[in-house]
Amino acid sequence: MAVRALDRRIVGLGRALRGHGVVVGTSELIDAAAVVDVIGLDRRDRLREGLAAAMLRRAGQRQVFDDLFDVYFPAALGTRAGVPDPADGSPPMTSHEVRVRASALREDLAAALAAADSAALDAVAARTVAELGRLANDATTGPYSAQRALEALAPRTAIAAALERLRDAAEDASGGSGEGSGGAGGGGVGEVGPRFADRFTREELRGAVAAFRRRVEAEARRRNAEVRGVERVARYAVRPPADRTPFLLAGPTELDELRRTIGPLSRTLATRIDVRRRRARRAGIDMRRTLRRSLSTGGVPLAPVPAQRAPARPDLVLLCDLSQSVAGFSRFTILLMQALSAQFRRVRIFGFVNVCDELTETVLAAPAGADLSHAFDDTAAMTRWHHNSDYGTALADFTAHHLDAVGHRTTVLVLGDARTNGTDPHEDDLRSIVECARRVIWLNPEPVRTWGTGDSVAHRYAEIVDMHEVRNLAQLREFVGRLLPV
């Protein structure tokens, strides 16, 4: 019976990974079962690494695997020893009691951080969820909220206390001999040395706090899985891999992770584009011209005429909505196209909120993969009268002042959600761009089902240009690798 239950856990973990976009087939499940048979269940850390090696193919899938592993192979069952259970019918704490408990937990967290005690950090995380994360009403994914617990605890504020403990321990270990060691001629070294060391210690503590936040999230998922079931929690309470995270929902952490993928992704996509370009340049035979030439030889095609090859590299124009609603999507796509700029003869980049401003020099002059977020923060040159996106006015401004950037070799990529805030969409201006360009493609970060809802005119623009849903990195990779004209 225990073996059957373990097999169900492995199969359930594989099914949950597939639900989050990770390819796990029968062979991976067989390998995972073999790993469990060899490693056993005594060492959970080894089991985690063994199953990850058997079931994963890409490094970017590790975070979602770790989250799901904690759900299907939890570190504990029920309430941990020494951790109070607020589900015993006691009334919820008042705001004053929450502040008092959070203050005490921060002291314990600072001590655990200073000692680098993994077991103590696990215990503090469990108490944080139990005491500060309990919801008044059961949520969709369970009665505990990691976000609520972390907001009440504010773990980053424990860094200063942990650093102070480390300084006190260092002074006790040195017996106070460091005081005045800077003497005549050496005072600068005595002052700079501790500050220099503190910088590294503070960075280490920040990393430890980030790891503690993940411990709290894992504990909340474990407790919720016991109430709601592992399948429900695995589906709704686990963040998808970075390449499946919707651009419109990505926060600063997710966007930083996406930026780190630009280098490897651009090299992979550049190889795919080169392969597609070589295939496209394998010109066939122009039958019409061949038959005409054969008239001079009695109808025998002795000299086949090759078809004219397409230009080696096209021009690319990016027209990007940089308003707050879709700025993350546009900025990441700009960085990716910057990394791929060598694949095109000429690249020009225009940003807009309701009027256009050229950003070509700013983007292409920066190193590949550089963080250009602050370069796009100032949208004063892209706005007029208001700060809301207005696609109609932006398209009219582009055709009036920048249409010379579009030629018969140009592919135009429009990036945005096509939400006009109720203004005139100016479809005729979009048609003018289509008439001048080789091809116009619109990348929309919203799902197809929302096109045409509310103030969206995506369904009207889609009748004029080729519009694609590109909600996440996986869809963007698919578009660039297979559909981007070369």
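Alanine 418 is buried, its relative accessible area being 0%. This residue belongs to the loop between β4 and α17 of what is a predicted model. Its backbone deserves attention, since phi of alanine 418 is near 60°, a positive value in a residue other than glycine. Most residues other than glycine have a negative phi. Asparagine 421 sits in the loop between β4 and α17 as well, and asparagine 421 likewise carries a positive phi, of about 55°, although it is not a glycine. In accessibility, asparagine 421 counts as partly exposed, at 41%.

The loop between β4 and α17 also supplies one partner of a salt bridge. The side chains of arginine 419 and aspartate 455 meet there, with an N to O distance of 2.9 Å. Arginine 419 lies in the loop between β4 and α17 (427-436), whereas aspartate 455 lies in the loop between β5 (439-444) and α18 (458-462), so the contact ties together parts that are 36 residues apart in sequence. Arginine 419 counts as buried because its relative accessibility is 18%, under the 20% limit for that class. Aspartate 455, at 25%, counts as partly exposed.

A second pair joins two strands. Arginine 346 forms a salt bridge with aspartate 315, and their closest N and O atoms are 3.5 Å apart. Since arginine 346 lies in strand β2 (residues 346-352) and aspartate 315 in strand β1 (residues 315-321), the pair ties together parts that are 31 residues apart in sequence. Aspartate 315 is buried, with 7% relative accessibility, while arginine 346 is partly exposed at 42%.

Other salt bridges involve residues with lower numbers. Arginine 43 pairs with aspartate 45, the closest N and O atoms being 3.1 Å apart. Both partners are partly exposed: arginine 43 has a relative accessible area of 39%, and aspartate 45 has one of 43%. In addition, Arg44, Arg48, Glu49, Arg62, Asp66 and Asp70 are linked in a network of salt bridges. Over the whole structure, a search finds 25 salt bridges.

Attention now turns to the empty space within the model. Rolling a probe the size of a water molecule over the atoms shows where such space is left. The largest pocket has a volume of about 1100 Å³. Its lining is made up of 33 residues, and those nearest the centre of the pocket are Arg214, Glu217, Arg239, Thr253 and Glu254. Two or more lining residues come from each of the helices α4 (62-72), α7 (146-153), α9 (183-228) and α11 (252-260). Of the elements, α9 gives the most to this lining, with nine residues. Sorted by class, the lining of the largest pocket holds 13 nonpolar, eight polar and twelve charged residues.

A final site is aspartate 404, which is placed in the loop between α16 (391-401) and β4 (410-415). Aspartate 404 counts as exposed because its relative accessibility is 66%, and the class begins over 50%. Aspartate 404 and cysteine 436 are 32 residues apart in sequence, and their C-alpha atoms are 9.0 Å apart in space.

Definitions and conventions. Residues are numbered from 1 along each chain as its sequence is written. This is a predicted model: local features need pLDDT of at least 70, side-chain atom pairs count only at pLDDT 80 or more; totals for chains, interfaces and linings use all residues. Side-chain values use heavy atoms; hydrogens and water are left out. On a 1 Å grid over the protein atoms alone, a cavity is a set of points where a 1.4 Å probe fits but cannot get out, and a pocket is an open set with protein on both sides within 12 Å along at least five of seven lines; lining residues have an atom within 4 Å of a point. Grid points are joined across faces, edges and corners, and a volume is the space filled by probe spheres set on the points. Helices (H or I, at least four residues) and strands (E, at least two) are DSSP runs, numbered from the N terminus. Ala, Val, Leu, Ile, Met, Phe, Trp, Tyr, Cys and Pro count as nonpolar, Asp, Glu, Lys and Arg as charged, and the others, Gly among them, as polar. Buried means under 20% relative accessible area, exposed over 50%, partly exposed in between (1.4 Å probe, protein chains only). A salt bridge is a side-chain nitrogen of Lys or Arg within 4 Å of a carboxyl oxygen of Asp or Glu.
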